[in-house]
Amino acid sequence: MKNTKLYTTALVASVLSVISASAAASTYEVSVTNLTYGMHFTPLILATHSPSAQMFSAGVAASPQLQAIAEGGDTSSMAALLDSVDATVITGDGLLAPGGTATFMINDSEGDVFSMAGMLLPTNDGFAGVNSASLPSGSAGTSVSINVLGYDAGTEANDEVVGSGAPGEAGFPAPPPVVATGTGTGAVGVPTQAEGFVHIHRNVLGDLDANGGISDINATVHRWLNPVARITITKMGGDNGESGVTSVIGLNAQTYSKSALEVFWQAATSAESYVTGYEIRRDGALVDTRDGTSFFDDNLQAGTEYTYEIRAMDAAGNIGGPSSVSVRTNP
Ligand SMILES: [Ca+2]
Ligand SMILES: [Ca+2]
């Protein structure tokens, strides 16, 4: 009995060390460009988080945290909510002007997805949003680009009158840089109602009367089309800097027949101890663990694409970030 217990304890220790290694999986550079002619974004909130959490979802009512962002650009309650589910959260400072680009660095944990939100000004409750996008996998330097859409949080009527940024209060906030783009005053307001659910924004009407009319939004400046922004997320080098194991580089594959191929890579290094071997996954499933730098695979289907993912392991129990390659067997 005593031996069994010791074995169990050792097993738990090794599992814990893997979890702590994957808690610092990778670092990404996120570049956000405002594609609109006349719209500002309030300070953006960016997060990497478990796919089980969502900042928003089209077709359902907004959370109070999303409402605070979409009506007044206040990210604090959403940041607290994301912290409570172990997300990594970054908040921008200042408005992102039309045509401007902001760049952020963010880490993830194993299996995380990426979300972002920022209010569109001038709108009543419009926001630029990304919900649970995939982060780039594979080797350092890999990037993905995402078109960002403008949504309406559905929490406030789009009256298009200058007013409050507080949740539940009518009107849109107009800080000086937004006023400088040509917002007006004195409008009677667009007759409309809060929509009740998150949806693609139907845009603003605006008018051409700076001192009256139905809208304080300038129709010649502030109307926009989707996408409102473009994001490029690039995976940086130095995977698992905290664990000290590099990702493998030079990953490539050779097809031999309808059913056999081989994958090759260069040896990884460990700053903390020494590399003991490599995990090989085929289409996400662990198929082998070995200390060499190649893997021969057979009994495969003809004319079929397979994706192999290689991760280095070291003697301290750390695991490097994944590198992947896709290869097709002969037809
Ligand atoms: Ca609305
Ligand atoms: Ca007007």
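Two residues are in contact if their C-beta atoms, placed from the backbone, lie within 7 Å. This is a predicted model, where local features need pLDDT of at least 70, side-chain atom pairs count only at pLDDT 80 or more, and totals for chains, interfaces and linings use all residues. Residues are numbered from 1 along each chain as its sequence is written, while chains are lettered from A and ligands numbered from 1 in the order in which they are written.

**Exercise 1. The whole chain**

Task: Work out what share of contacts between residues at least 6 apart in sequence join residues at least 24 apart.

Solution:
- Start with the parts: the chain has 4 helices and 17 strands. Those are DSSP runs numbered from the N terminus, with helices being H or I of at least four residues and strands E of at least two.
- Next, the dimensions: the C-alpha trace spans about 80 × 55 × 30 Å along its principal axes.
- Now the contacts: 74% of those between residues at least 6 apart join residues at least 24 apart.

**Exercise 2. Helix α2**

Task: Say why helix α2 counts as largely enclosed, and find what covers its buried residues.

Solution:
- Fix the term: buried takes 20 or more other C-beta atoms within 10 Å of a residue's own, exposed takes 12 or fewer, and partly exposed is in between, with C-beta atoms placed from the backbone.
- Apply that to α2 (residues 64–72): 7 of its 9 residues are buried, so the rest of the structure largely encloses it.
- Put names to them: Gln65, Leu66, Gln67, Ala68, Ile69, Ala70 and Glu71.
- Look for the cover, which includes β3 (45–49), α3 (76–84), β6 (113–121) and β7 (126–134).
- Step off the end: just after α2, Gly73 has a positive phi of about 75 degrees.

**Exercise 3. Ala174**

Task: Is Ala174 buried or exposed?

Solution:
- Locate Ala174 in the loop between β8 (143–152) and α4 (176–179).
- Count around Ala174: 21 other C-beta atoms sit within 10 Å, so Ala174 is buried.
- Check who touches Ala174, leaving out residues up to four places away in sequence: Pro122, Val162, Val179 and Thr183.
- Compare sequence with space: Ala174 and Thr123 are 51 residues apart in the chain, and 9.6 Å from C-alpha to C-alpha.

**Exercise 4. The β13–β14 hairpin**

Task: How many bridges join β13 and β14, and in which sense do they pair?

Solution:
- Strands pair if DSSP finds at least two bridges between them.
- β13 (residues 275–282) and β14 have 5 bridges, in the antiparallel sense.
- Tyr278 faces Arg290 of β14 across the pairing.
- At the turn, 2 residues lie between the strands, and Asp283 has a positive phi near 50 degrees.
- Finish with cover: β14 (residues 285–290) is hardly covered, with 0 of its 6 residues buried.
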